[in-house]
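Q: Please take a close look at one salt bridge in this model and at the parts of the chain around it. I would like a single connected account in plain words.

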Amino acid sequence: MDEIRTPKVERVLLRQFHHSREYITGTLCLTDRHIIFIEPTGSKETWVFYHHIWSVERLQLTTKGYPILISTKTFQQLHIIIPRESDCLDVIAAIKMFSQPATYEQLCAFRYRPEGTEIAKQSLGWALYDVQSEYSRMGIPNKHWRHSALNSNYK
(Lines give C-alpha, C1' and ligand atoms only; values in the text may rest on other atoms or scores of the structure.)
Protein backbone atom coordinates (compact mmCIF):
# COMPACT_ATOMS: atom_id res chain seq x y z
CA MET A 1 0.00 0.00 0.00
CA ASP A 2 3.01 2.31 0.18
CA GLU A 3 2.98 2.66 -3.60
CA ILE A 4 -0.56 4.09 -3.64
CA ARG A 5 -0.52 7.84 -3.04
CA THR A 6 -4.31 8.22 -3.00
CA PRO A 7 -5.94 5.01 -1.70
CA LYS A 8 -9.45 6.49 -1.43
CA VAL A 9 -11.22 9.07 -3.61
CA GLU A 10 -14.65 10.45 -2.66
CA ARG A 11 -17.39 11.77 -4.98
CA VAL A 12 -16.33 9.69 -7.99
CA LEU A 13 -18.77 9.11 -10.83
CA LEU A 14 -18.96 5.62 -12.35
CA ARG A 15 -20.75 4.35 -15.43
CA GLN A 16 -20.51 0.76 -16.53
CA PHE A 17 -21.37 0.54 -20.20
CA HIS A 18 -23.03 -2.86 -20.06
CA HIS A 19 -25.14 -2.08 -16.95
CA SER A 20 -26.64 1.38 -17.31
CA ARG A 21 -26.35 4.68 -19.05
CA GLU A 22 -26.40 6.88 -15.95
CA TYR A 23 -23.58 7.75 -13.60
CA ILE A 24 -23.47 6.60 -10.00
CA THR A 25 -21.70 8.71 -7.38
CA GLY A 26 -19.58 6.84 -4.87
CA THR A 27 -16.16 6.17 -3.41
CA LEU A 28 -13.24 4.68 -5.32
CA CYS A 29 -10.84 2.63 -3.20
CA LEU A 30 -7.49 1.33 -4.47
CA THR A 31 -5.84 -1.66 -2.86
CA ASP A 32 -2.73 -3.52 -3.96
CA ARG A 33 -4.93 -6.09 -5.79
CA HIS A 34 -8.26 -4.47 -6.68
CA ILE A 35 -10.09 -1.32 -7.65
CA ILE A 36 -13.25 -1.11 -5.57
CA PHE A 37 -16.12 1.27 -6.28
CA ILE A 38 -18.57 1.57 -3.39
CA GLU A 39 -21.99 3.13 -3.84
CA PRO A 40 -23.06 5.68 -1.19
CA THR A 41 -25.58 3.32 0.39
CA GLY A 42 -22.89 0.65 0.69
CA SER A 43 -25.28 -1.90 -0.76
CA LYS A 44 -23.34 -2.48 -3.95
CA GLU A 45 -19.63 -2.71 -4.68
CA THR A 46 -17.85 -3.10 -8.00
CA TRP A 47 -14.53 -4.94 -7.75
CA VAL A 48 -11.99 -5.08 -10.57
CA PHE A 49 -8.85 -7.18 -10.21
CA TYR A 50 -5.79 -5.31 -11.57
CA HIS A 51 -4.66 -8.24 -13.70
CA HIS A 52 -8.01 -8.16 -15.52
CA ILE A 53 -7.33 -4.61 -16.74
CA TRP A 54 -6.48 -4.41 -20.42
CA SER A 55 -6.11 -0.65 -20.85
CA VAL A 56 -6.43 2.64 -18.99
CA GLU A 57 -7.11 5.82 -20.92
CA ARG A 58 -7.32 9.35 -19.68
CA LEU A 59 -10.01 11.13 -21.66
CA GLN A 60 -10.55 14.83 -22.33
CA LEU A 61 -11.57 17.07 -19.44
CA THR A 62 -15.33 17.44 -18.94
CA THR A 63 -17.39 19.81 -16.83
CA LYS A 64 -17.91 17.01 -14.28
CA GLY A 65 -14.20 16.29 -13.80
CA TYR A 66 -11.33 14.21 -15.13
CA PRO A 67 -12.53 11.06 -16.92
CA ILE A 68 -10.76 7.69 -17.09
CA LEU A 69 -11.82 4.78 -19.28
CA ILE A 70 -10.84 1.34 -17.96
CA SER A 71 -11.24 -1.63 -20.30
CA THR A 72 -10.85 -5.12 -18.90
CA LYS A 73 -9.93 -8.48 -20.41
CA THR A 74 -13.42 -9.66 -19.45
CA PHE A 75 -14.93 -7.04 -21.84
CA GLN A 76 -16.10 -4.80 -19.02
CA GLN A 77 -15.72 -1.04 -19.46
CA LEU A 78 -15.74 1.41 -16.59
CA HIS A 79 -16.05 5.11 -17.25
CA ILE A 80 -14.85 6.90 -14.11
CA ILE A 81 -14.90 10.65 -13.54
CA ILE A 82 -12.71 11.97 -10.73
CA PRO A 83 -13.26 15.53 -9.46
CA ARG A 84 -9.60 16.55 -8.92
CA GLU A 85 -6.73 16.24 -11.41
CA SER A 86 -4.14 15.25 -8.80
CA ASP A 87 -6.34 12.37 -7.65
CA CYS A 88 -6.91 11.35 -11.26
CA LEU A 89 -3.16 11.22 -11.97
CA ASP A 90 -2.52 9.23 -8.77
CA VAL A 91 -5.27 6.72 -9.65
CA ILE A 92 -3.94 6.26 -13.19
CA ALA A 93 -0.37 5.80 -11.91
CA ALA A 94 -1.47 3.19 -9.36
CA ILE A 95 -3.60 1.31 -11.89
CA LYS A 96 -0.78 1.20 -14.43
CA MET A 97 1.77 0.15 -11.83
CA PHE A 98 -0.32 -2.75 -10.52
CA SER A 99 -1.91 -3.86 -13.81
CA GLN A 100 1.32 -3.81 -15.84
CA PRO A 101 4.15 -4.90 -13.50
CA ALA A 102 7.68 -4.64 -14.88
CA THR A 103 9.02 -7.74 -13.10
CA TYR A 104 7.45 -10.83 -11.62
CA GLU A 105 8.45 -9.69 -8.11
CA GLN A 106 5.88 -6.91 -8.48
CA LEU A 107 3.03 -9.41 -8.93
CA CYS A 108 0.72 -9.56 -5.92
CA ALA A 109 1.51 -13.24 -5.31
CA PHE A 110 5.17 -12.39 -4.68
CA ARG A 111 4.56 -9.04 -2.98
CA TYR A 112 2.03 -10.19 -0.37
CA ARG A 113 3.40 -10.84 3.13
CA PRO A 114 0.81 -11.52 5.83
CA GLU A 115 1.38 -9.48 8.96
CA GLY A 116 1.50 -10.95 12.44
CA THR A 117 1.95 -14.55 11.39
CA GLU A 118 4.84 -16.91 11.86
CA ILE A 119 5.16 -17.29 8.09
CA ALA A 120 5.97 -13.61 7.73
CA LYS A 121 8.78 -13.92 10.27
CA GLN A 122 10.32 -17.07 8.79
CA SER A 123 12.07 -17.44 5.49
CA LEU A 124 9.57 -18.69 2.97
CA GLY A 125 10.21 -21.61 0.65
CA TRP A 126 11.84 -24.98 1.22
CA ALA A 127 12.76 -24.10 4.81
CA LEU A 128 9.09 -23.65 5.73
CA TYR A 129 8.84 -27.23 7.04
CA ASP A 130 11.16 -30.20 7.52
CA VAL A 131 10.65 -32.69 4.70
CA GLN A 132 12.21 -35.64 6.54
CA SER A 133 9.97 -35.24 9.60
CA GLU A 134 6.85 -34.84 7.42
CA TYR A 135 7.63 -38.02 5.48
CA SER A 136 8.34 -39.99 8.65
CA ARG A 137 5.02 -38.77 10.04
CA MET A 138 3.36 -40.30 6.96
CA GLY A 139 5.26 -43.59 7.34
CA ILE A 140 7.80 -43.09 4.57
CA PRO A 141 10.22 -44.76 3.79
CA ASN A 142 8.45 -48.06 3.45
CA LYS A 143 8.56 -50.92 0.96
CA HIS A 144 6.99 -48.75 -1.78
CA TRP A 145 8.78 -45.43 -1.17
CA ARG A 146 12.28 -44.30 -0.25
CA HIS A 147 14.08 -41.00 0.33
CA SER A 148 16.30 -39.63 -2.40
CA ALA A 149 18.55 -36.58 -2.58
CA LEU A 150 18.24 -36.42 -6.37
CA ASN A 151 16.75 -32.90 -6.50
CA SER A 152 18.38 -31.49 -3.38
CA ASN A 153 20.10 -28.68 -5.36
CA TYR A 154 16.91 -27.70 -7.24
CA LYS A 155 16.25 -23.97 -7.08
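A: E85 is partly exposed, because its relative accessible area is 36% and the partly exposed class lies between 20% and 50%. The model is a predicted one. E85 forms a salt bridge with R58, and the closest N and O atoms of the two are 3.1 Å apart. This pair links distant parts of the chain: E85 belongs to helix α1 and R58 to strand β5, with the two residues 27 residues apart. R58 is also partly exposed, with a relative accessible area of 39%.

Next come the two elements that this pair connects. Helix α1 covers residues 85-99 and lies across β1, β2, β3, β5, β6 and β7. The helix runs at about 155 degrees to β5. The strands form an open sheet of seven, in the order β4-β3-β2-β1-β7-β6-β5, with antiparallel pairing. The edge strands are β4 (45-49) and β5 (53-58), each of which pairs on one side only. On average, neighbouring strands of this sheet are turned by 30 degrees against each other, direction ignored.

From β5 we can move to the other edge. Strand β4 is joined to β3 by five bridges, and the two run antiparallel. One bridge partner pair is I35 and V48, the latter in β4. In a regular strand, side chains alternate between the two faces of the sheet. Strand β4 shows this alternation: T46 and V48 point to one face and are buried, while E45, W47 and F49 point to the other and are not buried. The hairpin of β3 and β4 has six residues between the strands, and G42 in this hairpin takes a positive phi near 80 degrees.

Within the sheet, β1 (residues 8-16) is joined to β2 (residues 24-30) by five bridges, again with the strands running antiparallel. V9 has L28 in β2 as its bridge partner. Most residues other than glycine have a negative phi. R11 in strand β1 has a positive phi near 55 degrees. R11 counts as exposed, because its relative accessibility is 61%. F75 also has a positive phi, near 65 degrees, and is found in the loop between β6 (66-72) and β7 (77-82). F75 is exposed, because its relative accessible area is 78%.

To return to salt bridges, the structure holds five. Besides the pair of E85 and R58, they include one between the side chains of E10 and K8, at 3.8 Å from N to O. E10 counts as partly exposed, with 42% relative accessibility. Another joins D32 and R33, whose closest N and O atoms are 3.8 Å apart. D32 is buried, because its relative accessible area is 19% and buried means under 20%. R33 counts as partly exposed at 24% relative accessibility.

Lastly, the part around helix α4. Y135 is found in helix α4 (residues 131-137) and is partly exposed, with a relative accessible area of 35%. Together with Y129, V131 and M138, Y135 makes a nonpolar surface patch of about 380 Å². P141 is found in the segment after α4. A cis peptide bond with omega of about 10 degrees joins I140 and P141, whereas most peptide bonds are trans.

Key:
Residues are numbered from 1 along each chain as its sequence is written. This is a predicted model: local features need pLDDT of at least 70, side-chain atom pairs count only at pLDDT 80 or more; totals for chains, interfaces and linings use all residues. Side-chain values use heavy atoms; hydrogens and water are left out. Patches are made of residues with over 30% relative accessible area and no salt bridge: like charges are joined within 9 Å, nonpolar side chains (Val, Leu, Ile, Met, Phe, Trp, Tyr) within 5 Å. Accessible areas come from the Shrake-Rupley method with a 1.4 Å probe; for residues, only the protein chains shown count as cover. A salt bridge is a side-chain nitrogen of Lys or Arg within 4 Å of a carboxyl oxygen of Asp or Glu. Helices (H or I, at least four residues) and strands (E, at least two) are DSSP runs, numbered from the N terminus. Buried means under 20% relative accessible area, exposed over 50%, partly exposed in between (1.4 Å probe, protein chains only). Two strands pair if DSSP finds at least two bridges between them. Axes are lines fitted to C-alpha atoms, for helices over the stretch in contact, and angles run from 0 to 180 degrees between N-to-C directions. Contact means heavy atoms within 4.5 Å.
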